[in-house]
Amino acid sequence: MTETAVKDLTTERADRLNEAGEFWDRKITEDTANAKLTYTANGEGVGSVATRVTAGKHVFHIDEPAGLAGDDEATSPVEAALGALISCQVVVYRLYAHQLGITVDGIDIAAEGDLDVRGIFGKDDAVRPGFGEVRLKVNISGPESAERYEELRQAVDAHCPVLDLLNNPTPVTSEVVKV
C-alpha cells in the first residue's frame, strides 16, 4: 500500500468514526431509547450438522470438522465466536484509538480458546461445554509508547460488546416450537 493510500484510509476511517460518533451523540441526546439496538440472526440446519445463517442482508455458513460430525465446509461455531471477538476488538480498538488520540498504524489480533469436548458430549458434567479460557494477543504498530497502548487496551476491554458477552453471564431464553 502506498503512503498516499495509507493516508487516505486513515482520513476515511477518521471521517467515518467522527460521523458515527456525531450521529449517535445526536440520537442518544434526543432520546436515550435510541441507544437500544436489537440484532437478529436466523439459522437453518443444512448438511450433516452445518448451519446457514442469515443476519441482515448477509448469509454465511458454520460447520464442524469431520471429527465433530461435520463436513468441514465452513468455520466451526467456536471458531466463529473467536472471529467475532477478534473483529469486535478491532472495531473498538479503532474507535477508542480515535477518541483517545492514540495513533494505531496497524492492528493484528490472534485468539486461542481451550475447549474440552467432554463437556460437549456429556462425558463429565463438571467440565463446561464452552471455552475454559480464551487468550488474545493484540499486536499494534504505531508511534505511541507501550503505556499509551496499554491505556487503549484497558478502554477496549471495558467497552467491547463481544468480550463482555464472553466475560459476563448474559440471560438467554430458549423456546422449542413444533411446526
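This is a short guided tour of one structure, a predicted model, going from its sheet to a loop and then to a pair of helices.

**First stop: the sheet**

Begin by selecting residues 42-46, which make up strand E1, and then add strand E2, residues 50-55, and strand E3, residues 58-62. Together they form an open sheet of 3 strands in the order E1-E2-E3, and the pairing is antiparallel. If you look along the sheet from strand to strand, you will find that the twist averages 20° from one strand to the next. The edge strands are E1 and E3, each of which pairs on one side only. As general background, the strands of a sheet pair through backbone hydrogen bonds, either parallel or antiparallel.

Stay for a moment with E1 and ask how many of its 5 residues are buried. The count is 0, and the strand is described accordingly as hardly covered.

**Second stop: the two hairpins**

Now follow the chain from E1 into E2, two strands that run antiparallel and are joined by 5 bridges. To see one such pairing, select Gly43 together with Val53, its bridge partner in E2. Between these strands the hairpin has 3 residues, and Gly47, which you can pick out next, takes a positive phi near 60°.

Moving on from E2 to E3, you again meet an antiparallel pair, here too with 5 bridges joining the strands. Select Ala55 and His58 to show one pair of bridge partners, and then Arg52, which stands opposite His61 in E3. This second hairpin has 2 residues between its strands, and in the turn Gly56 has a positive phi of about 65°.

**Third stop: a loop residue**

Continue past E3 and select Ser76, which lies in the loop between E3 and helix H2. Is Ser76 buried or exposed? Its relative accessibility is 4%, so Ser76 counts as buried, the cut-off for that class being under 20%. If you display its surroundings, leaving out residues up to four places away in sequence, you will see that Ser76 touches Ile62, Asp63, Glu64 and Pro65.

**Fourth stop: helices H2 and H4**

Next select residues 77-100, helix H2, and residues 146-159, helix H4, whose axes are 9 Å apart and which pack at an angle of about 125°. The two helices are therefore oblique to each other, and H2 passes H4 in a right-handed crossing. On the H2 side, the contact is made by Gln89, Val92, Tyr93, Tyr96, Ala97 and Leu100, while the residues of H4 that take part include Arg148, Glu151, Leu152 and Arg153. Colouring this contact by class would give you 8 nonpolar, 2 polar and 4 charged residues.

**Last stop: Tyr96**

Finish by centring the view on Tyr96, which lies in helix H2. Which residues does Tyr96 contact, once its neighbours within four places in sequence are left aside? They are Leu152, Ala155, Val156 and His159. With a relative accessibility of 15%, Tyr96 counts as buried because this value falls under the 20% cut-off. Lastly, select Leu17 as well: from C-alpha to C-alpha, Leu17 and Tyr96 are 9.8 Å apart in space, although 79 residues apart in sequence.

How values were computed:
Residues numbered from 1 in each chain as written. Predicted model: local features only at pLDDT ≥ 70, side-chain atom pairs only at ≥ 80, totals over all residues. Heavy atoms only, no water. Axes fitted to C-alpha atoms, helices over the stretch in contact; angles between N-to-C directions. Helix = DSSP H or I, 4+ residues; strand = E, 2+ residues; numbered from the N terminus. Parallel < 35°, antiparallel > 145°, perpendicular 65-115°, else oblique. Left-handed = near helix turned anticlockwise from the far one by under 90°. Contact = heavy atoms within 4.5 Å. Nonpolar A, V, L, I, M, F, W, Y, C, P; charged D, E, K, R; others polar. Buried < 20%, exposed > 50% of the residue type's maximum accessible area, 1.4 Å probe, protein only. Pairing = 2+ DSSP bridges.
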